[in-house]
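Thanks for asking me to look this one over. Below are some notes to read with the model open beside you.

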Amino acid sequence: VMKLNPQQAPLYGDSVITVQLTEEDKVEDDVVFYLVFTGSTVQHCTSTRKINPGSLETISPGHDCCETVKVALCASREGHPVLVVAEESFQFVQDEVYDAAQFLATCAGNQQALNFTRFLERSRSPAADVDFWDEKVALAFRHLKLPAEWNVLGADQSLTENIPRETLMHFAVRLGLLRLTWFLLQQPGGRGALSIHNNEGATPVSLALERGYQKLHQLLTEEGAREPDSWSTLSHTVHSGDYSVKHHRGLGVYLLTAEA
């Protein structure tokens, strides 16, 4: 038996999983371990890196639905057949961050909902880890299957530029969410949102300035601003047909996903 820690991961993936090996699996250095996750419609294979003789580390793949999957630990050695050493179950779940990303995506043009997010911000504890939240929400947004017509300003593009209103960009900037702001900037309507005033006459750019978010202000105003450092910038994904390969440079781990 192997122990996976944790035994679940959010749908958007990219969290670290530790694999504890049992005594009999602690083998020579030339053995390479893989994890194979088998879901109902997709399968993932991840490479691992050794932390010490008894434990490995890998990155959880992004999955297509909430379900419990089977995980097989496979060992491979040059000149030998691949062995399945152990099996365990693992759960992909929709966490509150994913819920939040879905909620935000659907309320892009909804003034009531966007004003509600401002109320939430006033009532939230100042100790909340903004950086952690920013990272996760940006990952979840990337994983959402946004419809082709999705727009940062909402579906109703007939709204003229000069109607004062709240936008998702105001939301992201007000909370100081650097990575979410970057993500929104790359989407349709993202750049247009920068010049929209809300009811207090603030644009996302003026909000960043007023709150002293220097990095954020640079991101919004500098030509050729680069993507902020984040977990997702450590990953590079290549898609080909029904397959995708992701390289996580941070841990040196590869993930292969294929439709089963």
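**Notes on the model**

1. Let me begin with a loop: Asp14 is found between β2 and β3 (16–20). This is a predicted model, so please read every value here as computed. The phi of Asp14 is near 60 degrees, which is positive although the residue is not a glycine. As background, most residues other than glycine have a negative phi. You may like to look at this backbone angle when you check the geometry.

2. A second backbone detail comes earlier in the chain. Pro6 sits in the loop that joins β1 (3–5) and β2 (8–10). The peptide bond leading from Asn5 into Pro6 is cis, and its omega is near -5 degrees. In general, most peptide bonds are trans.

3. Next, the overall layout. The domain assignment splits the chain into domain 1 (3–94 + 233–259) and domain 2 (96–221). Taken over C-alpha atoms, the centres of domain 1 and domain 2 are 33 Å apart. Seven residues from domain 1 and nine residues from domain 2 take part in the contact.

4. Where does the largest pocket lie with respect to domain 1 and domain 2? Both domains give residues to its lining, so the largest pocket lies between them. The space in this pocket comes to about 820 Å³.

5. The lining deserves a point of its own. It has 28 residues, and those nearest the centre of the largest pocket are Gly62, His143, Thr237, His239 and Ser244. Two or more lining residues come from each of β5 (42–47), α3 (130–143), β10 (235–240), β11 (243–248) and β12 (253–259). Sorted by class, the lining of the largest pocket holds twelve polar, nine charged and seven nonpolar residues.

6. Now for a pair of helices. α1 (residues 96–106) packs with α3 at an angle of about 65 degrees, and the two axes are 9 Å apart. The crossing of α1 past α3 is right-handed.

7. Which residues of α1 and α3 meet? From α1 come Val97, Tyr98, Ala100, Ala101, Leu104 and Ala105. On the α3 side they meet Trp133, Lys136, Val137, Ala140, Phe141 and His143. By class, the contact of α1 with α3 has ten nonpolar residues, one polar and one charged.

8. One residue links the last few points. His143 of α3 is part of the contact with α1, and His143 is also among the residues nearest the centre of the largest pocket. That makes it a handy place to start when you turn from the helix pair to the pocket.

Conventions. Residues are numbered from 1 along each chain as its sequence is written. This is a predicted model: local features need pLDDT of at least 70, side-chain atom pairs count only at pLDDT 80 or more; totals for chains, interfaces and linings use all residues. Side-chain values use heavy atoms; hydrogens and water are left out. On a 1 Å grid over the protein atoms alone, a cavity is a set of points where a 1.4 Å probe fits but cannot get out, and a pocket is an open set with protein on both sides within 12 Å along at least five of seven lines; lining residues have an atom within 4 Å of a point. Grid points are joined across faces, edges and corners, and a volume is the space filled by probe spheres set on the points. Helices (H or I, at least four residues) and strands (E, at least two) are DSSP runs, numbered from the N terminus. Ala, Val, Leu, Ile, Met, Phe, Trp, Tyr, Cys and Pro count as nonpolar, Asp, Glu, Lys and Arg as charged, and the others, Gly among them, as polar. Domain bounds come from an automatic or database domain assignment. Axes are lines fitted to C-alpha atoms, for helices over the stretch in contact, and angles run from 0 to 180 degrees between N-to-C directions. A crossing is left-handed if the near helix is turned anticlockwise from the far one by less than a right angle, and right-handed if clockwise. Contact means heavy atoms within 4.5 Å.
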